[in-house]
Amino acid sequence: MIISAQRFSCLILVACFTNLETRLHRINHCSTISSSMPPKNIKTVRDLIYWEYSKLISGSAVGDRKNYGFIMHTFKKLSEGKLHPSAILRENKKLVEEQANRCAYCGSTENLHWEHIVPKSRGGPDTIDNQVQACQKCNLSKSDKDPFEWYGKERRYEIPRLVLGKYLKISFEAHEKTGTLDSEDMNEDGMLDVYDLGAVFKKP
Ligand SMILES: [Zn+2]
């Protein structure tokens, strides 16, 4: 059965939140995120990955990765184990099919190569979870950076949905392997932020 991305997003939403429609309506109108820092109750790498997943789910469900109310609601569900990121991971697969033969970063259809989101030189796995198609220009520009390093903090909301979905998955798995999901400041820079997610990989 072939379904469109929009339809697929709707299915995810319906499946996840059927019993919470009233609340959804209310929080859809909540304020958006203005601060670049995650809220106070995001204390560990695990929390932060769930928080970032929640933003992606918010993007798919209500078309806005900065809908604070929706994100917080989804984050709680993920933390309590009432929602699994599998919804977003299934969507990854769908996006791969839809975006075949396009650069995952700029949409170009020319000079495409399979690119490792976390470079192999930094310990990124050689699996499809860590790969997207990218044009030569993006590939060269990104070089050995991870997506957050390449886009930077200011432009982090521009990281394409597919790339970020895949990155969160491999980052979670890498932290799980090294037992650092509960770390509060992996790169020891005095705060927990998105750069702690990639700190589990080797430095460039
Ligand atoms: Zn490109």
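**Exercise 1. Find where serine 143 sits in this predicted model, then decide whether serine 143 is buried or exposed.**

Solution. Start with the place: serine 143 belongs to the loop between helix H6 (136-142) and H7. Next, count neighbours. Serine 143 has 10 other C-beta atoms within 10 Å. The cut-off for exposed is 12 or fewer, so serine 143 is exposed. Finally, check the backbone: phi of serine 143 is near 55°, a positive value in a residue other than glycine.

**Exercise 2. Do the same for asparagine 101: which loop holds it, and what is its phi?**

Solution. Asparagine 101 lies in the loop between helix H5 (86-98) and strand E1 (112-116). Its phi is near 65°, again a positive value in a residue other than glycine. As for the surroundings, asparagine 101 has 7 other C-beta atoms within 10 Å, so it counts as exposed.

**Exercise 3. Place tyrosine 157 in the chain and work out which residues it contacts beyond its sequence neighbours.**

Solution. First, the location: tyrosine 157 is in the loop between helix H7 (147-151) and H8. Then skip anything within four places in sequence, and you're left with contacts to Arg65 and Lys66. Take lysine 66 a step further: it is 91 residues from tyrosine 157 in sequence, yet the C-alpha to C-alpha distance is 8.7 Å. Last, the neighbour count: 13 other C-beta atoms lie within 10 Å, so tyrosine 157 is partly exposed.

**Exercise 4. Which residues does aspartate 129 touch, leaving out those up to four places away in sequence?**

Solution. Begin with the loop between E1 and strand E2 (131-135), where aspartate 129 is found. From there, aspartate 129 touches Lys166, Lys169 and Ile170. For another link across the sequence, look at leucine 89: it is 40 residues from aspartate 129 along the chain, and their C-alpha atoms are 9.7 Å apart. With 16 C-beta neighbours inside 10 Å, aspartate 129 comes out as partly exposed.

**Exercise 5. Describe how helices H3 and H8 pack: how do their axes cross, and which residues meet?**

Solution. Step one is the geometry. The axes of H3 (residues 45-62) and H8 (residues 161-178) come within 10 Å, crossing at roughly 160°. Angles over 145 degrees count as roughly antiparallel, so that is what H3 is relative to H8. Step two is handedness, and the crossing is left-handed. Step three is the residues. H3 brings Val45, Ile49, Glu52, Tyr53, Leu56 and Gly59. On the H8 side they meet Arg161, Leu164, Gly165, Leu168, Ser171, Phe172 and His175. Step four is to sort this set by type, which gives 7 nonpolar, 4 polar and 2 charged residues.

**Exercise 6. Zoom out to the whole chain: how many helices and strands are there, and in what order do they run?**

Solution. Tally the elements and you get 9 helices and 2 strands. Reading from the N terminus, the order is α-α-α-α-α-β-β-α-α-α-α. Now for burial: 37% of the 204 residues count as buried. As for contacts with a separation of 6 or more, 67% of them join residues 24 or more positions apart.

**Exercise 7. Where does the pLDDT fall below 50, and what is the chain's mean pLDDT?**

Solution. Take the mean to begin with: it is 83, with 81% of residues reaching 70 or more. The stretch to flag is residues 5-30, where the pLDDT is below 50. Beyond near neighbours in sequence, that stretch has 24 contacts in the model.

Notes:
Residues numbered from 1 in each chain as written. Predicted model: local features only at pLDDT ≥ 70, side-chain atom pairs only at ≥ 80, totals over all residues. pLDDT = per-residue confidence, 0-100. Contact = placed C-beta atoms within 7 Å. Axes fitted to C-alpha atoms, helices over the stretch in contact; angles between N-to-C directions. Helix = DSSP H or I, 4+ residues; strand = E, 2+ residues; numbered from the N terminus. Parallel < 35°, antiparallel > 145°, perpendicular 65-115°, else oblique. Left-handed = near helix turned anticlockwise from the far one by under 90°. Nonpolar A, V, L, I, M, F, W, Y, C, P; charged D, E, K, R; others polar. Buried ≥ 20, exposed ≤ 12 C-beta atoms within 10 Å, placed from the backbone.
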